[in-house]
Amino acid sequence: MDHRLAKFFVVPFLLAIVFLNSCQHKSKTISFYYWKTNFHLNPEEVEAIKYNQVNTIYTRYFDIDFTPGDAGPKPISPIQFDTSTLFSQIIPVIYIKNRVFEKLDSAGIILLCQNISKLTNEINQSIRQNPSEIQFDCDWTEYTKDKYFLFLLRYKAISRLKLSATIRLHQVKYPAVTGIPPVDHGVLMYYNMGEINAGENSSIYEKSIAEKYNAYIKNYPLRLDAALPIFSWSLLVSEGKVMKLLNKMNFMDFENDSNFTTLKKGWFSVRRSCFHDGYYFKENDQVKIEQVPEKDLIDIIEQLNRHASKPIQRLIFYDLDKANLQLYEKDIFKKMVAHLD
Amino acid sequence: MRKIFSKKWWLISISCCVGAGIVYACADGWGEEYGTSNFAPEVFVDSSYSPFFYSYQFYYQMGYDENQNSRFNSHNLADWFGYFNSKVQPRELRYLLESATQGAVDSAIRFQSGQFSSLPDSLASFVFLKQKNDERTLAFLHYLSLAKRCEEFAVREIQYEWNYDSSKRNSKDPEASELMKKLEAGYNGTNELFLKERYWFQMVRNAFFNFPPTDAIAHFNNHEKEMPHNTLYYRSLSYMAGAYNKMKNFSKSNYYFSKVYDGCDELKTTAHFSFHPQEQLDWKATLAMCSNNAEQATLWQMLGVFYADEKEAITQIYQLDPKSNKLDLLLARAVNKYEQKFSYKGSTPIGENEDSSPTKTAVRQLISKIAEAGNTGKPWIWDIAAGYLNSLNAQYQTAKTFYAKANKEISGNELALAQLKLVEIINTIGEAKKIDSKLENELLVDFKWLDGFKNKVSPKIRYADALEWLKQTVAAKYRAQHELAKAECFYSNTDAYADRNYTEKMKSFLGNPTKTDFEKLCTNLSSVKLADIYEFQAIQQVFKDSIENAILLMSKADSLGRFVLPANPFNGRITDCHDCDQQNPQKIKYSKLTFLNKIKELKDKIAAGTDVNINANLLANSYYNITHYGNDRPFYECKILGQGMSNPFYISDAYRDMLINMSLPFKYYNLALKNAQNDEQKAKAHYMLAKCERNQWYNLHVYNNAKNEYADSKMIDFSAMNGFKDLKRYPKTKFYEEVIKECDYFKSYVGKP
């Protein structure tokens with residue numbers, strides 16, 4: 001390229017970068033988790049990405065489990081991509097079952113790092129992406145923290161990527177017991193805080209439970225993004241016992257079906273045995289709906305504003321799925337971000 | 001050839017980091033995969049349904065079905081063996097079918113037709129390929145070559161390895177049209193039905209994987225009428241069912257999968273995995289497609305089993321055809337689910353174990369109603385089931401009526417009679433208010449009969465829970481009527497031996513030389529034998545420092561007294577190390593009895609005033625070592641006190657204090673101290689007393705309360721221990737130096753200002 005021409009292009013380009021960076025500092029970011037084994041976005045999901053100017057999708061690449069009887073940990077259901085609907089940057093997320101670290105020795109940890117790195121790179125290459133970050137999701141405990149943290153350190157060393165890790169509320173409350181993962185930043189999972197049962201509480205978000213943890217967020221030493229729940233599910237309850245979790249099913253699935261009647265707020269009763277959405281419902285069984293209404297999401301934001309030590313910069317919504325999007329108004333995500341301090 | 005790809009492999013659940021999981025309801029506890037059961041489906045349900053017998057595994061006696069790529073191998077080999085009139089070596093045929101590459105098969109074709117002069121290396125030794133231009137062999141090889149090509153897209157070995165390519169689905173055959181033409185030519189080029197049906201199967205399969213689903217349906221329908229309804233037919237049918245599934249025509253897809261399920265035993269699990277009604281409308285449409293009641297009964301059976309609504313399925317099938325054998329599996333599952341509440345708690349009357357949920361009541365009522373009508377294909381099993389459920393509900397008389405009816409209906413079916421007898425025994429014992437001599441005579445026979453199943457290989461009858469329940473229930477009834485010895489024989493309560501009267505009663509019962517037949521049964525049944533009681537009493541006497549009595553009792557304990565202790569019980573260490581003591585070579589090995597004799601020797605020496613410090617020290621060491629804290633815990637391990645109690649909380653409350661108490665070591669270390677001749681001996685005695693003091697602190701502050709088992713651990717303040725304070729007064733002794741080297745606590749105590 002001619003030098004004069006180069007100057008002509010490079011200077012405004014650099015300026016643009018400086019300008020963009022300064023903008024990014026101020027603006028808050030909306031992201032989503034994508035948590036299916038086949039990456040294929042339908043038009044509603046594509047629209048949500050465009051409308052909310054989502055640049056990054058945190059995408060589950062594979063799980064890792066160490067099944068009894070196996071010689072070592074193995075990847076479960078690596079994701080398959082339909083690249084025709086892939087417009088955003090992808091950040092790989094790897095879910096590692098805690099029992100992997102219950103069983104691994106230190107030699108196994110190094111091998112696990114190498115294997116994850118290899119498989120992740122192969123998937124990256126298949127979609128022609130070169131992510132600068134990787135996120136690990138593991139519900140580690142005080143008994144597995146040493147190995148998990150060693151794993152994170154080793155992974156950082158071999159990959160030289162920015163590392164993030166999901167942080168559950170109990171890990172925020174007891175950092176002295178469960179430790180602080182050696183990562184660049186954490187993602188506070190502000191959901192799945194209650195027990196799954198046939199009682200009146202919600203297992204996804206319950207303010208009274210959240211309040212038991214809020215005070216500890218301020219002292220958590222990692223910079224935190226926040227993951228918020230937009231998913232819903234239903235519980236199939238038979239004679240007071242939860243029999244099954246009906247993934248992604250919500251009010252809309254039952255309110256217009258004559259086989260179901262409303263029992264009370266958030267509950268339906270099965271009038272006649274029937275099939276519905278691939279599930280079978282027995283007469284007199286009950287369905288409990290769990291979802292997080294907009295007012296609760298705003299409530300979560302307010303609590304994060306009050307308790308986070310530094311303002312939250314990024315909200316990652318779990319998860320990007322048409323079934324979840326249709327539960328909310330179109331501008332819900334912008335509204336949430338606008339509520340952030 | 002391998003088999004079709006099953007959808008099951010795709011259905012691998014992913015994590016629930018944030019996503020959904022499934023709540024599995026498993027049978028309580030460990031043990032048999034069917035949980036608690038006295039009602040064996042093996043007695044009356046066709047064995048082809050066995051994967052669907054009630055189990056906490058995915059499939060009964062299988063776990064997950066992982067035979068996708070091999071389930072038809074033996075079938076296939078047998079078919080082709082027949083094609084060659086058994087004139088080929090099965091080993092060669094098996095290799096060609098299951099292992100040879102398409103390239104090798106193509107080379108064999110060229111050799112056969114004279115284009116190649118030799119066979120490929122992998123097939124060089126195959127006798128039946130050597131005869132050239134054999135028409136049947138060539139026809140086989142031509143088909144085999146195309147079949148192997150189809151396997152490229154139809155069969156997948158899934159391995160969850162660290163290689164992304166291995167997780168990808170097979171790609172489509174880029175020349176599937178040309179392949180289809182070859183398959184069609186193969187079909188049209190033969191008059192032999194055996195080959196025609198195989199080419200047809202491959203055409204359907206090729207269309208399923210490489211063309212729109214409508215093509216698979218069309219290929220199936222093209223020749224379906226000409227084909228016999230054998231395994232290959234149902235394999236082809238399952239592809240058509242799968243094609244409708246791809247088209248989201250669930251009503252048709254499920255209808256055809258129900259035909260596969262009903263017609264082909266090898267594909268029952270595959271059909272199960274693929275059968276997925278989505279909405280009530282498509283389910284109703286599937287039912288409407290049925291051309292007869294039998295087809296509808298199959299669909300209801302699938303609903304009842306796969307979606308766990310046995311009651312609804314039984315109701316529907318019974319209305320369609322009371323004699324349908326589709327009812328059998330549903331009845332078995334309904335009863336097996338119901339009986340999970342069957343309780344071992346012998347002290348609880350059987351009726352109080354009953355789960356009174358409306359669902360269970362409805363199941364019991366339905367089964368009773370059908371049994372009363374007596375119009376099913378196997379009325380006796382409905383009577384047995386109805387009787388059993390009523391028995392569990394404490395309706396013993398009603399149960400008897402059903403059992404009497406069953407007895408008349410069973411003719412010569414020994415397994416059925418055994419099943420009936422088993423539930424009748426449960427009813428008789430459950431009903432009995434008191435065990436009298438008449439019932440004892442019945443028990444004598446029934447118990448031996450039940451117990452006899454232990455020695456049978458694959459007895460089919462589920463006897464183990466009934467046997468265990470019988471023992472506990474009979475024991476509870478005896479206990480209630482104050483016949484403690486018999487109760488103890490049926491179900492031991494080892495804690496009760498803490499009461500001397502109980503122990504003596506058991507000794508006289510077990511030792512009675514003139515027993516009735518029933519008492520002999522009780523004695524044989526008792527898990528605690530006479531020798532066990534003598535051993536236990538000997539141990540009790542040792543902890544009372546009553547050695548003569550202990551020796552007397554231990555010598556009556558037969559071989560138990562000859563048990564060799566793992567460590568030298570006279571060792572006294574600065575820091576306890578059981579493993580070290582047990583691994584160290586021992587010049588003299590002590591048995592329980594010789595150990596007691598040695599203790600007596602030491603006591604005699606002390607009484608005579610001989611080397612009192614040394615002998616009291618040895619005696620104290622030995623009393624220390626036979627407590628929980630010492631190196632010879634096996635000294636007290638016996639039938640009554642138990643074994644392997646690595647934590648004092650695992651020792652029964654009735655015996656814990658005896659086994660952890662430090663009073664005897666205290667007594668003799670104090671005696672050693674009192675008779676110490678020099679500072680070395682004094683220092684040692686003080687330190688040993690400190691160890692006892694420490695243990696006793698844990699006894700009083702931790703092991704005194706069961707709640708502490710899971711509480712945060714407490715620790716003694718060693719600076720307050722008298723033994724340490726006293727030892728500090730002997731800093732110039734060698735023993736003091738040794739303690740400083742080995743005991744960090746003392747070292748840190750001394751180091752404190």
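Me: Which loop of chain A holds R128(A)?

Reply: R128(A) is found in the loop between helix 4 (106–126) and strand 7 (133–137) of chain A. The structure is a predicted model.

Me: What is notable about phi of R128(A)?

Reply: Phi of this residue is near 55°, which is a positive value in a residue other than glycine. Most residues other than glycine have a negative phi.

Me: What kind of peptide bond joins Y318(A) and D319(A), and how do you know?

Reply: The bond is cis, as its omega is about 0°. Most peptide bonds are trans. D319(A) is placed in the loop between strand 18 (314–318) and helix 11 (322–325) of chain A.

Me: How is chain A divided into domains?

Reply: The assignment gives domain 1, made of 27–230 + 292–339, and domain 2, made of 232–290. Taken over C-alpha atoms, the centres of these two domains of chain A are separated by 29 Å. Their contact involves 10 residues from domain 1 and 10 residues from domain 2 of chain A. On the side of domain 1 of chain A that touches domain 2, there are five nonpolar, four polar and one charged residues.

Me: Why are strand 12 and strand 13 of chain A said to stand at the edges?

Reply: The sheet is open and has five strands in the order 12-11-17-14-13 of chain A, with antiparallel pairing. Strand 12 (241–247) and strand 13 (260–264) each have a single partner strand, so one side of each is without a neighbour in the sheet. From one strand to the next, the twist averages 30°.

Me: How do you know that strand 11 and strand 17 of chain A pair?

Reply: Pairing requires at least two bridges. Strand 11 (residues 232–238) and strand 17 (residues 286–291) of chain A have six bridges, in the antiparallel sense. The two strands therefore satisfy the requirement. As one example, L236(A) has V287(A) in strand 17 as its bridge partner. Strands of a sheet pair through backbone hydrogen bonds.

Me: How many residues does each chain bring to the contact of chain B and chain A?

Reply: Chain B brings 27 residues and chain A brings 38 residues. The side of chain B that touches chain A consists of 14 nonpolar, nine polar and four charged residues.

Me: Which domains make up chain B?

Reply: Chain B has domain 1 (71–154), domain 2 (315–481) and domain 3 (554–751). The C-alpha centres of domain 2 and domain 3 of chain B are 55 Å apart.

Me: Why is helix 9 of chain B called oblique to helix 11 of chain B?

Reply: The axes of helix 9 (residues 250–263) and helix 11 (residues 280–289) of chain B come within 8 Å and cross at roughly 50°. An angle under 35 degrees would count as roughly parallel, and one of 65 to 115 as roughly perpendicular. An angle of roughly 50° falls in neither range, so helix 9 of chain B is oblique to helix 11 of chain B. Their crossing is right-handed. In this contact, F250(B), S251(B), N254(B) and Y255(B) of helix 9 meet D282(B), A285(B), T286(B) and M289(B) of helix 11. By class, four of the contact residues are nonpolar, three are polar and one is charged.

Me: What makes helix 13 of chain B roughly parallel to helix 15 of chain B?

Reply: The axes of helix 13 (residues 310–320) and helix 15 (residues 358–373) of chain B come within 10 Å and cross at roughly 25°. That angle is under 35 degrees, so helix 13 of chain B counts as roughly parallel to helix 15 of chain B. The crossing of these helices is left-handed. Here K311(B), I314(B), T315(B) and Y318(B) of helix 13 meet A362(B), V363(B), L366(B) and I370(B) of helix 15. The contact has six nonpolar residues, one polar and one charged.

Me: Why are helix 19 and helix 23 of chain B called oblique to each other?

Reply: The axes of helix 19 (residues 437–451) and helix 23 (residues 517–525) of chain B come within 10 Å and cross at roughly 45°. This angle is neither under 35 degrees nor in the range 65 to 115, so helix 19 and helix 23 of chain B are oblique. Their crossing is left-handed. E440(B), L444(B) and F447(B) of helix 19 meet D517(B), F518(B) and L521(B) of helix 23. This contact has four nonpolar, no polar and two charged residues.

Technical notes
Residues are numbered from 1 along each chain as its sequence is written. Chains are lettered from A and ligands numbered from 1 in the order in which they are written. This is a predicted model: local features need pLDDT of at least 70, side-chain atom pairs count only at pLDDT 80 or more; totals for chains, interfaces and linings use all residues. Domain bounds come from an automatic or database domain assignment. Axes are lines fitted to C-alpha atoms, for helices over the stretch in contact, and angles run from 0 to 180 degrees between N-to-C directions. Helices (H or I, at least four residues) and strands (E, at least two) are DSSP runs, numbered from the N terminus. Angles under 35 degrees count as roughly parallel, over 145 as roughly antiparallel, 65 to 115 as roughly perpendicular and the rest as oblique. A crossing is left-handed if the near helix is turned anticlockwise from the far one by less than a right angle, and right-handed if clockwise. Two residues are in contact if their C-beta atoms, placed from the backbone, lie within 7 Å. Ala, Val, Leu, Ile, Met, Phe, Trp, Tyr, Cys and Pro count as nonpolar, Asp, Glu, Lys and Arg as charged, and the others, Gly among them, as polar.
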